[in-house]
Amino acid sequence: PTSGAQVATSTLSINGTPYTVITAEDAGAGNFYQTTSYRAVHDNQCYAIEYTIHTTNIGNYSPDQGITEYDAATIKALLENMVQSFRWL
């Protein structure tokens, strides 16, 4: 696992392959990091499918800049759909 402030692990099967899922959240200097790592052993090799969402604190921006928060649920759903599509050939 990464050294994030909050780390959690679970297990999940993706297309018949068991994965250990590690999620980590960290922050620093107005930045936020959310990492999700899916790890599995296949043919005696360890593989990882990972993504990190890096954002900044919306409160750091003046409303007159027109910057809005991103849609976290939509972004995560898109990334998760990619992960779920993975298959060994």
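**Figure 1. What kinds of residues surround the largest pocket of this predicted model?** By class, five nonpolar, four polar and one charged residues make up the lining of the largest pocket. The model is a predicted one, so please read every view here with that in mind. The pocket itself has a volume of about 170 Å³. If you would like to find the lining in the structure, look for Phe 32, then the run Thr 55, Thr 56, Asn 57 and Ile 58, then Tyr 61, and finally Ile 67, Thr 68, Glu 69 and Tyr 70.

**Figure 2. A nonpolar surface patch built from Ile 58, Tyr 61 and Ile 67.** These three residues make a patch of about 220 Å². Ile 58, Tyr 61 and Ile 67 are also among the residues that line the largest pocket, which makes this view a handy companion to the previous one. Ile 67 sits in the loop between strand E4 (45-56) and helix H1 (72-84). Is Ile 67 buried, partly exposed or exposed? Its relative accessibility is 41%, so Ile 67 counts as partly exposed.

**Figure 3. A salt bridge between Arg 39 and Glu 50.** How many salt bridges does the model have? The count comes to one. In the pair formed by Arg 39 and Glu 50, the closest N and O atoms are 3.2 Å apart. This pair links distant parts of the chain, with Arg 39 in strand E3 (residues 31-42) and Glu 50 in strand E4, eleven residues apart. Arg 39 has a relative accessibility of 28% and therefore counts as partly exposed. Glu 50 counts as partly exposed because its relative accessibility is 47%.

**Figure 4. Ala 29, a residue with a positive phi.** Most residues other than glycine have a negative phi. Ala 29 is not a glycine, yet its phi is positive, at about 50°. Where along the chain should you look for Ala 29? You will find Ala 29 in the loop between strand E2 (17-28) and E3. With a relative accessibility of 80%, Ala 29 counts as exposed. For a sense of distance, try picking the C-alpha atoms of Ala 29 and Cys 46: they are separated by 33 Å, and the two residues are 17 residues apart along the chain.

**Figure 5. Asn 44, in the loop between E3 and E4.** What is the phi of Asn 44? The angle is near 65°, a positive value in a residue other than glycine. Is Asn 44 buried or exposed? Asn 44 counts as exposed because its relative accessibility is 75%.

**Figure 6. Glu 80 in helix H1.** This view moves to the helix. Glu 80 has a relative accessible area of 17%, so it is buried; the cut-off for that label is under 20%. How far apart are the C-alpha atoms of Glu 80 and Ala 40? They are separated by 16 Å, while the two residues lie 40 residues apart along the chain.

How values were computed:
Residues are numbered from 1 along each chain as its sequence is written. This is a predicted model: local features need pLDDT of at least 70, side-chain atom pairs count only at pLDDT 80 or more; totals for chains, interfaces and linings use all residues. Side-chain values use heavy atoms; hydrogens and water are left out. On a 1 Å grid over the protein atoms alone, a cavity is a set of points where a 1.4 Å probe fits but cannot get out, and a pocket is an open set with protein on both sides within 12 Å along at least five of seven lines; lining residues have an atom within 4 Å of a point. Grid points are joined across faces, edges and corners, and a volume is the space filled by probe spheres set on the points. Ala, Val, Leu, Ile, Met, Phe, Trp, Tyr, Cys and Pro count as nonpolar, Asp, Glu, Lys and Arg as charged, and the others, Gly among them, as polar. Patches are made of residues with over 30% relative accessible area and no salt bridge: like charges are joined within 9 Å, nonpolar side chains (Val, Leu, Ile, Met, Phe, Trp, Tyr) within 5 Å. Accessible areas come from the Shrake-Rupley method with a 1.4 Å probe; for residues, only the protein chains shown count as cover. A salt bridge is a side-chain nitrogen of Lys or Arg within 4 Å of a carboxyl oxygen of Asp or Glu. Helices (H or I, at least four residues) and strands (E, at least two) are DSSP runs, numbered from the N terminus. Buried means under 20% relative accessible area, exposed over 50%, partly exposed in between (1.4 Å probe, protein chains only).
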